[in-house]
Amino acid sequence: MTTFILKVFRGMPGKQYWEEFQFKRRFGANVISALMEIQKNPINRLGEATTPVAWESNCLEEVCGSCSMLINGRPRQACTALIEPIIEKTGSEIITVAPFTKFPLVRDLVVDRTVMFENLKKVQAWVEVDSYHEEGYGPLISPEKQEVMYSLATCMTCGCCSEACPQVNDHSPFMGPAPIGQVRLFSIHPTARVKHAERIQVMQTDAGVGSCGNAQNCVKVCPKNVPLTDAIASVGRDTTLQAIHDLFGLPERNP
Amino acid sequence: MAQKKVIVVGGGLAGLSCAMKLGSLGVSVDIVSLTKVRRSHSVCAQGGINAAFNMKDEGDSPLIHAYETIKGGDFLADQPPIVEMCLSAPRIIRLLDRMGCPFNRTVEGRLDARRFGGSLYHRTVFCGSSTGQQLLYTLDEQVRRWEAAGLVKKHENHDFLRLIRDSSGRAKGVVVMDLFNQSLQVLEADAVIMATGGLGVLFRMSTNSVICTGAANGRLFMQGMEYANGEFIQVHPTTIPGEDKMRLMSESARGEGGRIWVPGDSLKTIQTHDGRVLQCGVTGEPWYFLEELYPAYGNLVPRDICVREIMRICEMGMGVEGGSEVYLDVSHLSQEKLKKIASIIDMYEKFTGQDPRKVPMRIFPAVHYSMGGAWVDFPAQEDPDRWTRFRQMTNIPGLFNIGESDYLYHGANRLGANSLLSCIFAGLVAGSEVPRYLDTIKAERGNAKEALDIEEKEKKELLSRNGPENVFKLYEELSDLLVKNVTVTRSNSGLKETIDQILTLRERFKNIGLADRGPFYNQTYQFARQFGPMLELALVITKGALFRNESRGAHFKAEFPKRDDVNWLKTTIATYSPDGPIISYKPVDTRYVKPVLRDYSKHIKAIPDFEGLPENLVLPI
């Protein structure tokens, strides 16, 4: 075969449908370049004129987290979804593309992931510095600690982990894995750790780490290999310790 | 201060550092961004950020950093802003360190540094090879803190359309479009800060993110904002070709010891810039041509020089398989060094299927950065009118411009790892200049209704166009044209032809028809809405290049191969007119060091003599 088919689940909320587009196979093509082709030539596989498919993208280097979508049912970034390796793996020239299902649909492949950024507010995902004046260096950090911090800090809020997580759904207030990774990140930095107890209190609610069902899908789909299950285990331990501490009315746990 | 409000357009490093600073001063900030600010193009910066700490005891200093930046920019940049930026750099890094940015560490837990292009010193601090992402996240976190405190409000997924001005011409707000439903909205304010990044997307297959179209600056240009040094466009020597974009392979690969080579050819010779003739390596063996042509800087010559040498080698037929690619080799590096550039190695592997730990990478140059941008003021501390002028302010009062979208810090060629620094520095400078500006102005509202009416009319007109042209195809033609004629080598005949063709495209643009006229997330309409101002900036770049009859930094003409300080040591200023940009010039502020010819072949560590530099310089940070 010299062509492939992109089968796109598109439309507006409540009015979604499949539409197919056919392309010539070219080395180096990815899902994004196929969607760009549709913009230049908005004709579907049946030869009918249609509207270009709407999708979100930005860096196209898998560092911004914009172009998340379901490709052959798997949550991932469209920029690294190269056509040839996918066809080779599945043996099929048909590739399905669909929007995420765990976030409100805007149009076609675009969903609104604002909730992920609201969650970062809830867990106070920042270092509380005194000022932005010249105050010298931050605390010394060993290369080992930096490595752990960096691996957690590469989370690009793309939402793949939430999409893959069975516990993130309409009936559950669970925040999903990404903010738990951030709670872990900010428990490492000595200045940020001052707020650790407050973050753990958020983790003790129904939205927090207790709602994780240990399916471990998050680490399997994370495009950046963020150690999410390690973070969940660590934050889970801290919530248990905090619960014991709360039970006996001990003074604030020393950060 | 009475509750005054400012608008920051753009949420990359410049916009966020400005918003963070303003938030901490109690100023109410509205951020407008095309995307979630955490997804801004700054995430693509890989290698690091420069600050002369002298961490490796090499005798480095902020003034050497400033000198190398001025020299790297081929002496076209005004010197006071560069000097203050380089002197402030260590403070900026220490601040980022306190804010938890996960910089790579030495054994002792201190900041580590690597080498970068155009310098002989280890001056670049870094987070693996995704430094821009980590710096952006750190600033995003701080801004979120002010957002949670109610001082910052974000309008994400909104496009800037028009500046609102009052009767005396001051910036008093913006008209924006909600990308989700295309509705227009007015945001009023007492000052507007633009931090909208570069315009790489004007060139086909650049390294830039999808949103870097330059449209915001283009729109302001059409509203009277002066645009400076547009013709200076940086091409990055090492990127991997793709069907949708060119992906950057950071200079840090060479900073950690990566080498550029092509297969040698004993029968060929090449002339060095100082007139020596070298044999092109040995047939059957790798020829590390940069190391032989520039023995002192080797693979770390500045980007403009590196790109031209790669093109020269390829034009001699010595590229990989006779084509226009060369090898970037990191396969000899130690595990420890490879770990420091792991994210770009992973990226190469993901996009090409080949492992750079085992085989050399095949790389190609691509448009990367715009040194030019909005003209902004920068009074030096010793200027008598320092405190009646405002740094980073454009020619439109109350309109500031920072980051890649301004023109200030890089002259004719930017040094690697200086962009992140200039973005944060400009953001912090604007963060302290804006409150001072707010204290000087009267409370007068701008003419929001008129601005909104113009935009509503434009929207209606654009949606009603019913011609045969497709705006994405017109874009492809424009961006191909600019790559062909307005990048590495330019000629006056090619540039003249380009202007004619842009004008033809501008006519054809009137004849487009939209394949989508719907009201929701209509990217065809949104792109068409940007294309007009993109065409205007294309004219600015091309016309500036046509007029500049010399070669300086990234601007190279074979017919004028030398730098010409007598006639061309001046800043290009473009002003809008419907008949095409009007070009004029301003003098370059070379008050501290006199221009000399750039030389990267010798091992002379720069010992700068900055004449007349104030001893009691008070840094803005």
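**Stop 1: where the chains meet**

Select chains A and B together. In this predicted model, 57 residues of chain B are in contact with 54 residues of chain A. Now colour the helices of chain B. On the side that touches chain A, at least two residues each come from helix H1 (13–24), helix H3 (79–98), H4, helix H10 (342–352), helix H13 (471–485) and helix H15 (523–547) of chain B. Pick out H4(B): the largest share of that side, 9 residues, belongs to this helix. Colour by class next. The side of chain B that touches chain A holds 21 charged, 19 nonpolar and 17 polar residues.

**Stop 2: helix H3 of chain A**

Select residues 114–122 of chain A, which make up helix H3. Show side chains for Met116(A), Asn119(A) and Leu120(A), which are buried. Look down the helix axis. These residues span an arc of only 105 degrees around the axis, so they sit on the same side of H3(A).

What do the buried residues of H3(A) pack against? Add residues 177–188 of chain A and 131–148 of chain B to the selection. The partners are helix H6 of chain A together with helix H4 of chain B. That is the H4(B) from the first stop, the helix with 9 residues on the side of chain B that touches chain A.

Step past the end of H3(A) to Gln124(A). Its phi is positive, near 45 degrees.

**Stop 3: the two domains of chain A**

Hide chain B. Colour residues 3–110 of chain A as domain 1 and 113–247 as domain 2, following the domain assignment. Their centres, taken over C-alpha atoms, are 31 Å apart. Domain 1 and domain 2 of chain A put 13 residues each into the contact between them. Select strand S4 (residues 74–77) of chain A: on the domain 1 side, this strand gives the most, with 4 residues. That side of domain 1 divides into 5 nonpolar, 4 polar and 4 charged residues.

**Stop 4: strands S1, S2 and S5 of chain A**

Select residues 3–12 and 15–24 of chain A, strands S1 and S2. They run antiparallel and are joined by 10 bridges. Zoom in on Met12(A), with Lys15(A) of S2(A) opposite. The two strands form a hairpin with 2 residues between them. Click Gly14(A) in the turn: its phi is positive, about 80 degrees.

Which way does S5 (residues 94–98) of chain A run against S1(A), parallel or antiparallel? Add S5(A) to the view. The pair runs parallel, joined by 4 bridges. Finish on Ile5(A), which stands opposite Ile94(A) in S5(A).

Terms used:
Residues are numbered from 1 along each chain as its sequence is written. Chains are lettered from A and ligands numbered from 1 in the order in which they are written. This is a predicted model: local features need pLDDT of at least 70, side-chain atom pairs count only at pLDDT 80 or more; totals for chains, interfaces and linings use all residues. A residue is buried if 20 or more other C-beta atoms lie within 10 Å of its own, exposed if 12 or fewer, and partly exposed in between; C-beta atoms are placed from the backbone. The arc is that of the directions from the helix axis to the C-beta atoms. Two residues are in contact if their C-beta atoms, placed from the backbone, lie within 7 Å. Ala, Val, Leu, Ile, Met, Phe, Trp, Tyr, Cys and Pro count as nonpolar, Asp, Glu, Lys and Arg as charged, and the others, Gly among them, as polar. Two strands pair if DSSP finds at least two bridges between them. Domain bounds come from an automatic or database domain assignment.
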